[in-house]
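Okay, thanks for coming, everyone. Let me put the structure up and we'll walk through it together.

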Amino acid sequence: MKTFCKLNRLQSYVLLLLTTVGFYNCQPLPEESTATVSNKKYSIEEAFTIVSKENDVARTLYTKAIVGAGKKKGLKFDEDWEKDHIEAGPLPALFLRGIAGDIRKKGEVPLGLFLGSDFPIRKSNKFKGKQAELFAEMRKDEKPKFFYDAENKLYTAMFPDFASAGACVSCHNQHPETTKSDWVLGDIQGATTWTYPEDSVSFEELEGIIMAYRNGAANTFQKYIDKTKTFKESDIPVVGEEWPSGGYQLPSPNIFLDSVGLLTSEETLNGILKL
Amino acid sequence: MFKISRKRKRQFIGMCTGVFISAITYVTLSLPQNDDYLSKGPLNTGHENLKCETCHTPAKGNVFQQAQANVMHAVGLRRTEADFGAQNVDNKKCLDCHDRANDRHPLHRFEEPRFAQARKDLGVTECESCHQEHNGVRITQTNIGYCQSCHEDTEMKNDPLEVSHKELIGQKRWNTCLQCHDFHGNHIFHAAESLKDTIPVQEIKAYFAGGNSPYAEEKKYYATTEEELENKN
């Protein structure tokens with residue numbers, strides 16, 4: 001009987017140990033994304049609209065206050081700005097391309113951002129298929145378009161890209177490769193296309209989308225400033241708190257981003273609060 | 001006293017031998033010097049000295065957790081699948097070492113709806129569509145005229161070439177694109193302005209097969225090394 005009890009106790013320990021090991025080994029593996037369906041407070045259309053407004057403000061600010069004002073003070077901007085021998089900053093379309101690349105660089109936020117047109121400078125940026133159809137509609141009603149790209153499994157939005165500054169019109173009209181030279185202020189020169197793999201997002205995911213865009217803008221602006229430091233033939237602009245309207249100078253990325261935040265804060269907050 | 005039959009004895013010895021051989025095989029094949037026996041084929045150019053785990057990183061969790069997660073996913077109790085054994089070798093893994101600010105054709109750009117045909121023709125959103133690993137070459141894409149998928153309308157008013165781009169496209173001479181331009185744009189060189197100065201197609205094919213770069217030896221960015229990657233992680 002004693003031996004039997006001893007054996008039973010031993011068996012119980014082994015069983016307990018096996019249960020503990022089994023339980024530890026079979027703990028559920030945490031998911032990469034913790035957002036659940038009930039947390040998804042914003043439709044992807046709402047999220048696209050918020051981040052698109054951020055983009056409108058950032059690009060207009062860059063076009064007017066950096067490119068437009070900077071050109072008058074001697075700063076140069078070029079489509080080949082990334083080439084070593086070109087001493088210039090990014091044109092607005094390439095500034096956007098830089099942001100789009102930065103958003104995807106870390107791969108944390110699966111947000112896609114693209115720029116196209118029916119009269120692009122580079123023919124490879126011309127809309128085709130569904131985008132061309134929707135852009136034709138957009139030219140008439142000036143409204144954003146939303147659709148699901150079934151082949152790509154991506155929720156997609158297109159927002160009109162208006163010629164909001166004189167520099168947009170003059171640069172495109174005078175570009176040697178332009179396919180249209182009669183642009184006027186207020187024209188829809190193209191459209192930004194945004195993609196995201198889900199139909200709705202949580203507050204955290206929306207925050208991630210907005211911050212991915214803002215960080216992309218700051219990092220692209222920083223890349224421009226880094227490039228100016230390699231200038232050999234042109235003067236290196238002073239980087240600080242002042243804007244190009246006051247001289248041959250550039251604001252720091254933080255100052256630029258603060259201004260974007262200041263200009264977008266009301267609309268972004270309204271979007272988040274759904275007002 | 002139980003009497004064990006000779007048949008059972010033989011079965012027991014057979015099982016023990018099987019377990020022993022399996023254990024020896026498992027341990028032997030796990031040794032780094034025997035990686036070649038597990039590999040699907042020779043590693044591509046530039047990857048020859050990489051360790052298996054550099055790309056085939058062990059998946060999160062243990063096998064029980066991985067199996068459980070996939071069962072839960074199959075019955076709808078989990079949103080995402082879990083990697084089993086090793087993490088999936090996807091674009092992210094390639095970009096950990098090869099992501100560059102100056103990439104002229106970054107993968108994400110082809111996610112735009114208008115590139116549907118290019119995705120269908122070339123699979124341009126996946127690195128491995130052109131750089132399928134374990135083939136012992138640099139590029140597995142054999143059609144060097146692939147620029148056709150997106151650049152059929154190219155026309156330049158200030159064309160630097162003696163024969164215009166439009167004319168070359170009209171003649172469907174798609175092989176000539178790579179004779180002046182490298183796809184990812186990382187080599188430091190100037191494109192030729194005359195067709196007679198362009199890179200011969202044979203040299204480009206040799207480069208695809210693993211030969212030296214005909215564009216330039218010098219690059220703007222170099223891939224992250226295995227050591228740098230380990231330090232980063």
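So, a question to begin with: among contacts in chain A between residues at least 6 apart in sequence, what percentage join residues at least 24 apart? It's 67%. And keep in mind as we go that this is a predicted model.

Staying with chain A, its secondary structure comes to seven helices and ten strands. The radius of gyration is 26 Å, and the globule rule for 275 residues gives 19 Å, so chain A is more spread out than a compact globule. You can get a feel for that from the C-alpha trace, which spans about 100 × 45 × 35 Å along its principal axes. As for burial, 33% of the 275 residues of chain A count as buried.

Over to chain B. The domain assignment splits chain B into domain 1 (8-38), domain 2 (41-89) and domain 3 (101-221). Taken over C-alpha atoms, the centres of domain 1 of chain B and domain 3 of chain B are 48 Å apart.

On confidence, chain B has a mean pLDDT of 91, with 99% of its residues at 70 or more. For the model, we have ipTM 0.79 and pTM 0.83.

Now the contact between the chains. How many residues does each chain put in? Chain A gives 32 residues and chain B gives 31 residues. On the chain A side, the elements giving two or more residues are helix H3 (92-105), strand E4 (112-116), helix H4 (129-141), strand E6 (154-162) and strand E7 (188-196). By class, that side of chain A has seven nonpolar, 13 polar and twelve charged residues.

Here's one residue to zoom in on: Asn25(A), in helix H1 (residues 2-25) of chain A. Asn25(A) touches Asn62(B), Phe64(B) and Gln65(B), leaving aside residues up to four places away in sequence. Why does Asn25(A) count as partly exposed? Because it has 13 C-beta neighbours inside 10 Å, and the exposed class stops at 12 or fewer.

Last topic, backbone angles. Most residues other than glycine have a negative phi. Lys153(A) has a positive one, near 55°, and sits in the loop between strand E5 (145-149) and E6 of chain A. Lys153(A) is exposed, with 10 other C-beta atoms within 10 Å.

Lys274(A) isn't a glycine either, and its phi is positive at about 60°. You'll find Lys274(A) in the segment after helix H7 (253-273) of chain A. With 8 other C-beta atoms within 10 Å, Lys274(A) is exposed.

Technical notes
Residues numbered from 1 in each chain as written. Chains lettered and ligands numbered in written order. Predicted model: local features only at pLDDT ≥ 70, side-chain atom pairs only at ≥ 80, totals over all residues. Helix = DSSP H or I, 4+ residues; strand = E, 2+ residues; numbered from the N terminus. Rg over C-alpha atoms; globule rule 2.2 N^0.38 Å. Buried ≥ 20, exposed ≤ 12 C-beta atoms within 10 Å, placed from the backbone. Contact = placed C-beta atoms within 7 Å. Domains from an automatic or database assignment. pLDDT = per-residue confidence, 0-100. Nonpolar A, V, L, I, M, F, W, Y, C, P; charged D, E, K, R; others polar.
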